[in-house]
Amino acid sequence: MKSEYDPKNIEERWQKFWAENKIFEAKDNSDKPKYYALIEFPYPSGDGLHVGHPRPYIGMDVIARKRRMQGYNVLYPIGWDAFGLPTENYAIKTGKDPKVVTKENSDNFRRQIQSLGISFDWSKEINTTDPKYYKWTQWLFLKFLEHGLAYKAKMAINWCPKDKIGLANEEVVDGKCERCGTEVEKKDKEQWMLKITDYAEKLLHGLDTVDYPERVKAQQRNWIGRSEGALIKFDDIEVFTTRPDTIFGATFIVLAGKEDRFTGRFVINPATKEKIPVWEAEYVLPEYGTGAIMAVPASDERDRAFAEKHGLPIVENYQEAGFENFGKKVVKYKLRDWIFSRQRYWGEPIPIIHCASCGAVPVPEADLPVLLPEVSNYQPTDTGESPLALIEAWVNTKCPKCGGEAKRETDTMPNWAGSSWYFLRYVDDKNDSEFASKEKLKHWMPVDWYNGGMEHTTLHLLYSRFWNKFLFDIGLVPTSEPYQKRTSHGLILASDGVKMSKSLGNVINPDLIVDRFGADTLRLYEMFMGPFEQAIAWNEDSLVGTRKFLERVWRLKDKITTDSSVEPKYEMHHAIKKVSGDIESMGFNTAVSALMIYANALEKHDKVTQEEYEALLKLLSPFAPHAAEELWNGLGHKESILLSPWPEADESKLSPKEVTIAVTINGKVRASFKIGSEANEEELRTTALSLIEVQKWLSGGEPKRVIVVPGKIVNIVV
Ligand code: ANZ
Ligand code: ZN
């Protein structure tokens with residue numbers, strides 16, 4: 001059968017085959033060991049997928065497919081993290097129901113992702129905006145409330161005047177709204193808060209037990225910002241200092257304030273007994289430590305600058321104090337509690353009813369979910385209340401405790417809510433009576449490998465660790481850390497090296513690439529284009545090159561020999577070892593290049609054994625599954641290649657067999673050397689001529705004649 005490689009003729013057929021045979025469905029009752037592979041589920045935007053989105057999906061797909069071939073029962077799920085602003089803003093603009101918009105967008109995303117042949121278990125697809133899902137998000141929120149970890153507080157929140165939304169600290173970048181870039185304002189507002197600060201210590205310690213990249217651990221540690229120091233009283237003003245030993249050099253006090261200002265007050269420095277002035281300045285943060293510092297201008301640069309600016313005393317050589325003389329030791333964290341309300345429509349309603357006599361009453365479990373009501377206008381109100389506040393029929397309700405008139409909470413949850421526990425839902429996505437059953441959680445958790453973006457390190461990754469740790473503490477999940485291993489991918493940039501974005505018009509739609517080259521080429525190229533964890537620019541030439549490689553693999557099948565005396569050569573073992581190892585460290589680019597080197601070697605051989613070719617197909621199958629499946633099938637296999645065992649390298653055959661070559665000079669054996677049995681004529685000739693013994697005979701001149709008998713002898717005539 002001589003046929004040309006034609007992905008159009010192959011890919012959809014195999015996608016159908018895999019789906020019909022449920023090849024990617026995780027089994028709950030399996031005696032195989034479990035493997036839980038996870039990617040960050042996408043937000044289904046109206047723009048559809050661009051070629052950058054699937055990079056992490058393909059990377060984890062390679063892992064998941066390899067694990068199945070290694071005999072694991074793999075869970076590799078997918079769903080939609082679908083609450084959030086872009087859909088809501090689109091609804092405001094067009095008047096379309098966000099539910100409908102979400103459905104359209106996720107349908108399109110699903111079609112696009114499925115066209116790439118990623119081995120997701122679609123039977124467990126979840127959607128955070130599905131009431132059957134957010135019922136449990138609401139239920140979990142009430143658990144936090146029950147355990148004193150959710151509370152309401154008046155907060156000066158970060159307010160984006162354009163999006164009309166309160167922002168978490170994490171969503172403010174350089175004083176600007178992370179979404180739209182507008183300068184953020186402060187606004188006092190009653191907010192629901194989650195007490196993530198209670199978990200600061202556990203979130204820190206947990207990092208020692210998981211396999212995360214050092215840069216991820218470092219970012220989380222910095223964000224949590226643990227400092228050991230002392231609280232010291234200057235009269236009634238308490239300061240937090242990590243350097244109590246410098247107290248003799250403290251020449252003034254600074255309180256958090258909006259501008260540099262002398263308060264008119266003096267306090268006594270308990271070490272020097274001197275009167276020192278109390279100032280206010282912006283560089284002292286109101287929410288950190290006690291919001292007050294002792295300034296030691298001789299030892300602290302900011303204090304020195306402040307002292308110089310305002311002519312305050314600087315004592316250069318002060319006496320050093322013993323740490324133990326001051327105070328009790330305290331620990332402070334930079335981490336703040338998590339503002340958990342938004343005044344927007346498209347989010348989970350916070351399941352609380354406000355009653356004049358009973359206060360904030362949780363909605364009883366039997367009444368969950370609190371459904372989002374239909375509204376005609378999705379615009380947030382100018383008072384900063386959610387549009388839900390305008391739906392009187394929804395807002396006015398009865399108190400579940402006393403039956404009196406009461407009002408529903410109109411704030412909704414932030415878009416980080418649904419993703420804080422989605423990895424738990426995947427294991428039991430259809431459960432109506434629990435967020436997930438204990439047995440299934442016990443079977444599947446923790447996630448074995450979670451790949452996601454660096455930008456989520458101090459947001460989603462920290463939040464979801466917090467939720468999981470809390471649920472562990474109250475006995476609802478089996479492991480204290482949700483993710484055993486975390487890795488991160490780099491972005492795919494446009495060909496000119498800038499970020500792909502709709503506004504720059506440089507976005508590449510994977511549909512076009514699949515149509516022109518096939519999904520396998522796109523997959524293989526995205527793995528080959530550069531180190532997985534680094535950003536890399538799109539390059540069409542290289543895409544063409546990967547397609548050509550697949551065509552060569554296709555043609556190689558015509559070289560398979562039935563001659564049973566031919567044995568696989570060392571290159572096969574080498575390729576198995578290299579590709580297997582590189583996949584484990586996400587060295588996908590070097591794995592693909594090892595495949596290319598292997599295919600080259602097979603092309604050079606006169607005869608290729610079936611075993612050698614099958615090894616190539618198996619190693620290729622996680623990257624280019626459709627072509628591998630088709631070729632495998634063409635060899636007469638009835639079972640999917642995905643169910644065949646992953647090949648093992650024979651360590652003893654990793655390098656070429658060595659042979660001893662004799663070297664004659666004018667007919668007499670004068671030397672010998674060892675070389676790989678595959679060495680060609682040219683290699684034998686050069687090696688022989690470079691030997692010291694031979695050089696002696698040549699004494700600088702050229703030989704008259706060199707006759708090489710491959711595998712045996714080199715005859716030199718001088
Ligand atoms: C005296 C001193 C002398 C300090 C010195 C530092 C160096 P970290 O490690 O980040 O926790 N500080 C305390 N509260 C502050 C606030 N609300 N805003 C701004 N600065 C604050 O830093 C702790 C140190 O930062 C504290 O120790 C305090 O200055 C300052 F040579 O006290 B130190
Ligand atoms: Zn009541």
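These are my notebook entries on two sheets and two helix pairs, looked up in a predicted model.

**Entry 1: the sheet of strands 12 to 15**

I began with an open sheet of four strands, whose order I noted as 13-14-12-15 and whose pairing is mixed. At its edges I found strand 13 (261-268) and strand 15 (292-295), each of which pairs on one side only. Ignoring direction, I read an average turn of 30° between neighbouring strands of this sheet.

I then followed strand 13 to its partner, strand 14 (residues 275-281), and recorded five bridges in the antiparallel sense between the two. For I268 I looked up the bridge partner in strand 14, and that partner is K275.

Next I asked which helix lies across this sheet, and noted that helix 8 (residues 301-310) lies across strand 12 (252-256), strand 14 and strand 15. Against strand 14, helix 8 runs at about 100°.

**Entry 2: the sheet of strands 26 to 29**

The second sheet I examined is also open, with four strands in the order 27-26-29-28 and with mixed pairing. Strand 27 (668-676) and strand 28 each have a single partner strand, so one side of each is left without a neighbour in the sheet. From one strand to the next I noted a twist that averages 20°.

Within this sheet I traced two pairings of strand 29 (residues 713-717): with strand 28 (residues 705-709) the sense is antiparallel, over five bridges, whereas with strand 26 (residues 658-665) the sense is parallel, over four bridges. As points of register I wrote down V706, which stands opposite I716 in strand 29, and T664, which stands opposite N715 in strand 29.

I also looked at the hairpin that strand 28 and strand 29 make, where three residues lie between the strands and G711 takes a positive phi near 80°.

For strand 28 I asked which residues make up the covered face and which the uncovered one. I found V706 and V708 on the covered face, with R705, I707 and V709 on the uncovered one. This fits a general rule, that in a regular strand the side chains alternate between the two faces of the sheet.

Helix 20 (residues 681-690) lies across strand 26, strand 27, strand 28 and strand 29, and I noted that its direction is at about 125° to strand 27.

**Entry 3: helix 2 with helix 16**

I turned to helix 2 (residues 54-69) and helix 16 (residues 570-584), whose axes come within 10 Å and cross at roughly 125°. The two helices are therefore oblique to each other, and I recorded their crossing as left-handed. On the side of helix 2 the contact is made by V62, I63, K66 and R67, and on the side of helix 16 by S580, I583 and E584. Sorting this contact by class, I wrote down three nonpolar, one polar and three charged residues.

**Entry 4: helix 1 with helix 19**

The last pair I looked up was helix 1 (residues 11-20) and helix 19 (residues 625-634), which pack at an angle of about 85° with their axes 9 Å apart. Helix 1 and helix 19 are therefore roughly perpendicular to each other, given that angles of 65 to 115 degrees count as such. I listed E11, R13, W14, Q15 and W18 from helix 1, which meet P625, H626, E629, E630 and N633 in helix 19. By class I noted that the residues of this contact divide into three nonpolar, three polar and four charged.

Notes. Residues numbered from 1 in each chain as written. Chains lettered and ligands numbered in written order. Predicted model: local features only at pLDDT ≥ 70, side-chain atom pairs only at ≥ 80, totals over all residues. Heavy atoms only, no water. Pairing = 2+ DSSP bridges. Axes fitted to C-alpha atoms, helices over the stretch in contact; angles between N-to-C directions. Contact = heavy atoms within 4.5 Å. Parallel < 35°, antiparallel > 145°, perpendicular 65-115°, else oblique. Left-handed = near helix turned anticlockwise from the far one by under 90°. Nonpolar A, V, L, I, M, F, W, Y, C, P; charged D, E, K, R; others polar. Buried < 20%, exposed > 50% of the residue type's maximum accessible area, 1.4 Å probe, protein only.
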